[in-house]
Amino acid sequence: MLYGGLDIGTTNCRCLLVDEEGRSVATASTEVPAEFRPPDRAEVCPEHWWNATCEVIGAALWGAQRPAAEVAAVGLSGLMHAPVLVGTDARPLGSAQLWMDQRCTPQAAALQARFAGSDRRLDLRGSVSAPKLAWIAAHAAASIDAAQVVLLPKDFVRMRLTGDVATDRSDAIGTGLFDP
C-alpha cells in the first residue's frame with residue numbers, strides 16, 4: 001500500500017509516494033507555467049495545475065513501478081490566495097490571480113477601510129482572495145455571475161480528483177471570506 005502527497009505550488013507541482021512505513025518510494029515534480037505581466041499581474045490558468053498534477057502522479061507511479069490501485073490515500077497542500085472561479089461544468093472561468101498579483105490593491109484598501117474599527121478586522125493587503133474577487137466583480141462581472149463555486153488551487157485539484165468541493169479551515173481563514 002502507498003500514500004501520496006501532492007503540493008500544488010505557485011509555479012511547481014510535486015508528488016511524493018511513501019510506503020506504509022513512511023519511506024519515500026518515488027517523487028516527481030514539474031513546472032507550472034505562470035504569466036507575469038508588469039506592472040502588477042501574475043496569474044495561472046487552473047488547467048495548468050490540473051495538467052501538472054496528472055503529469056506528476058503518472059511520473060511518480062511510473063517511478064514506483066506500482067499501480068494506482070495501491071494508493072490508499074492522497075494528501076493535498078498548495079498555495080493560497082489564488083481564487084479559482086468554477087462554472088457549472090467544473091471548468092475554470094478564467095485564470096487565477098496569484099498571491100503576488102497586485103491589481104486588486106484598490107479593492108483591498110476599500111475592504112480594509114470598510115472593516116476598520118470593527119471586531120472583524122482583516123489583513124487585506126492584496127494577497128487574500130476577497131480583494132481579488134472584488135476586482136473580478138468590478139472588471140469581469142460575467143465570471144462572478146457564472147461561478148458556481150470559488151476554490152483555492154489545491155481544492156480545484158481535489159475537486160477534479162474526487163468530485164468533492166471542499167477546503168480546510170486554515171485556507172478558508174486566509175481567504176478573507178471565512179469568519180473564524
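In this predicted model, strands E1 and E2 form a hairpin, with three residues between them. The two strands run antiparallel, and six bridges join E1 to E2, the latter spanning residues 12-18. One contact within this pairing places Ile-8 opposite Cys-13 in E2.

Strand E1, which covers residues 2-8, also pairs with strand E6 (residues 71-78), here in the parallel sense and over seven bridges. Within E6, Val-71 is the bridge partner of Leu-2. In a regular strand the side chains alternate between the two faces of the sheet. E1 shows such an alternation, since Leu-2, Gly-4, Leu-6 and Ile-8 point to one face and are buried, while Tyr-3, Gly-5 and Asp-7 point to the other face and are not buried.

A further set of strands forms an open sheet of three, in the order E4-E5-E8, with antiparallel pairing. Strand E4 (35-37) and strand E8 (96-97) stand at the edges and have a single partner strand each, so one side of each is left without a neighbour in the sheet. The pairing of E4 with strand E5 (residues 41-44) is antiparallel and rests on three bridges, and in it Arg-37 stands opposite Arg-41 of E5. The loop between E4 and E5 holds Pro-39, and the peptide bond from Pro-38 to Pro-39 is cis, with omega near 10°.

Two residues other than glycine with a positive phi also lie in loops. Gln-65, with phi near 55°, is found in the loop between H1 and E6, and Gln-65 counts as exposed because its relative accessibility is 61%, where the cut-off for exposed is over 50%. Ala-90, with phi near 65°, belongs to the loop between strand E7 (84-86) and E8, and with a relative accessible area of 28% Ala-90 is partly exposed.

The pockets of the model can be taken in order of size. About 250 Å³ of space lies in the largest pocket. This pocket is lined by 13 residues, of which Leu-6, Ile-57, Val-71, Val-74 and Leu-161 are the closest to its centre. The elements that each give two or more residues to this lining are E1, E2, helix H1 (46-64), E6 and helix H5 (153-162). Leu-6 thus links two parts of the description, being among the buried side chains of E1 and also among the residues closest to the centre of the largest pocket. Val-71 likewise appears twice, as the bridge partner of Leu-2 and as one of those central lining residues.

The second largest pocket is lined by Glu-43, Leu-85, Leu-93, Gly-94, Ser-95, Gln-97, Arg-103, Trp-135, Ile-136, Ala-140 and Ser-143. The table sets out the volume and lining classes of both pockets.

| Pocket | Volume | Lining residues by class |
|---|---|---|
| Largest pocket | about 250 Å³ | 10 nonpolar, two polar, one charged |
| Second largest pocket | about 170 Å³ | five nonpolar, four polar, two charged |

Two of the residues that line the second largest pocket, Arg-103 and Trp-135, also make a contact with each other, in which Arg-103 lies over the face of Trp-135, at 4.7 Å from the ring centre. Pairs of aromatic rings, by contrast, are absent, as the count of aromatic pairs comes to zero when ring centres must lie within 6.5 Å.

Key
Residues are numbered from 1 along each chain as its sequence is written. This is a predicted model: local features need pLDDT of at least 70, side-chain atom pairs count only at pLDDT 80 or more; totals for chains, interfaces and linings use all residues. Side-chain values use heavy atoms; hydrogens and water are left out. Buried means under 20% relative accessible area, exposed over 50%, partly exposed in between (1.4 Å probe, protein chains only). Helices (H or I, at least four residues) and strands (E, at least two) are DSSP runs, numbered from the N terminus. Two strands pair if DSSP finds at least two bridges between them. Rings of Phe, Tyr and Trp (its six-membered ring) pair if their centres lie within 6.5 Å; planes under 30 degrees apart count as stacked, over 60 as edge-to-face and the rest as tilted. A charge sits over a ring if NZ of Lys or CZ of Arg is within 6 Å of the ring centre and within 35 degrees of the ring normal. On a 1 Å grid over the protein atoms alone, a cavity is a set of points where a 1.4 Å probe fits but cannot get out, and a pocket is an open set with protein on both sides within 12 Å along at least five of seven lines; lining residues have an atom within 4 Å of a point. Grid points are joined across faces, edges and corners, and a volume is the space filled by probe spheres set on the points. Ala, Val, Leu, Ile, Met, Phe, Trp, Tyr, Cys and Pro count as nonpolar, Asp, Glu, Lys and Arg as charged, and the others, Gly among them, as polar.
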